[in-house]
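Dear colleague,

Please find below the structure for your consideration. My remarks follow it, and they concern the main pocket and one pair of helices.

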Amino acid sequence: MDCPYCGYHDSRVTDSREVNEGIRRRRQCLGCGARFTTYERIQPVSLFVIKKDRRREVFDREKLLNGMRKACEKRPLPADTVDRLADEIESELYRLGRAEIPSAVIGDAVMRRLRGLDHIAYIRFASVYREFADITSLKHEVDTLVAARPVASQLPLIPDQ
Ligand SMILES: [Zn+2]
């Protein structure tokens, strides 16, 4: 932080305190001795989603949750599953370190997780997300799942309750 009086590049912090959602620092210029104040604020990173039609919208966790809730509805999954998945996906997206993310990247992240978790939820999500044109493409997706090595941890098709 350059001194606002003389432009010197170095200063000494004489006092720091937290003020609403930021930090206020009192500084003294090491060049001319002038005192000045700086504020540091947390800048929330906004993530934008680029939709298939190129529209750009702010990433919305609620939307992500809703899509997954619908897919997981009435499936015998632990109550916090959808929230946990959303947390994982959200941090995966932020880790990409990009300001704009194609919606396909998010959709794929959801599919990857649901596929390993519950095939019914996966097919439900995929049928909305991939917009299966007809029953043949849906069958193809199901066949792919069935052909894949059976996963012991998969849930039963019909939950017993
Ligand atoms: Zn100065």
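**The largest pocket**

The lining of the largest pocket comprises 11 nonpolar, four polar and nine charged residues. Please bear in mind that this is a predicted model. The pocket encloses about 670 Å³ of space, and 24 residues line it. Nearest its centre lie K51, K63, S103, F125 and Y129.

Two or more lining residues come from each of strand 5 (56-58), helix 1 (61-72), helix 3 and helix 4 (119-129). Of the contributors, helix 1 gives the most, with seven residues.

**Helix 2 and helix 3**

Helix 3 (residues 103-117) also packs with helix 2 (residues 81-95): their axes come within 10 Å and cross at roughly 135°. Angles over 145 degrees count as roughly antiparallel and those of 65 to 115 as roughly perpendicular; helix 2 and helix 3 are therefore oblique to each other. Their crossing is right-handed.

On the side of helix 2, the residues in contact are T81, L85, E88, I89, E92 and L93. Helix 3 meets them with V105, I106, A109, V110, R112, R113, L114 and L117. Taken by class, the residues of this contact are nine nonpolar, one polar and four charged.

In short, helix 3 appears in both parts of this message: it gives two or more residues to the lining of the largest pocket, and it is in contact with helix 2.

With kind regards

Note on methods: Residues are numbered from 1 along each chain as its sequence is written. This is a predicted model: local features need pLDDT of at least 70, side-chain atom pairs count only at pLDDT 80 or more; totals for chains, interfaces and linings use all residues. Side-chain values use heavy atoms; hydrogens and water are left out. Axes are lines fitted to C-alpha atoms, for helices over the stretch in contact, and angles run from 0 to 180 degrees between N-to-C directions. Helices (H or I, at least four residues) and strands (E, at least two) are DSSP runs, numbered from the N terminus. Angles under 35 degrees count as roughly parallel, over 145 as roughly antiparallel, 65 to 115 as roughly perpendicular and the rest as oblique. A crossing is left-handed if the near helix is turned anticlockwise from the far one by less than a right angle, and right-handed if clockwise. Contact means heavy atoms within 4.5 Å. Ala, Val, Leu, Ile, Met, Phe, Trp, Tyr, Cys and Pro count as nonpolar, Asp, Glu, Lys and Arg as charged, and the others, Gly among them, as polar. On a 1 Å grid over the protein atoms alone, a cavity is a set of points where a 1.4 Å probe fits but cannot get out, and a pocket is an open set with protein on both sides within 12 Å along at least five of seven lines; lining residues have an atom within 4 Å of a point. Grid points are joined across faces, edges and corners, and a volume is the space filled by probe spheres set on the points.
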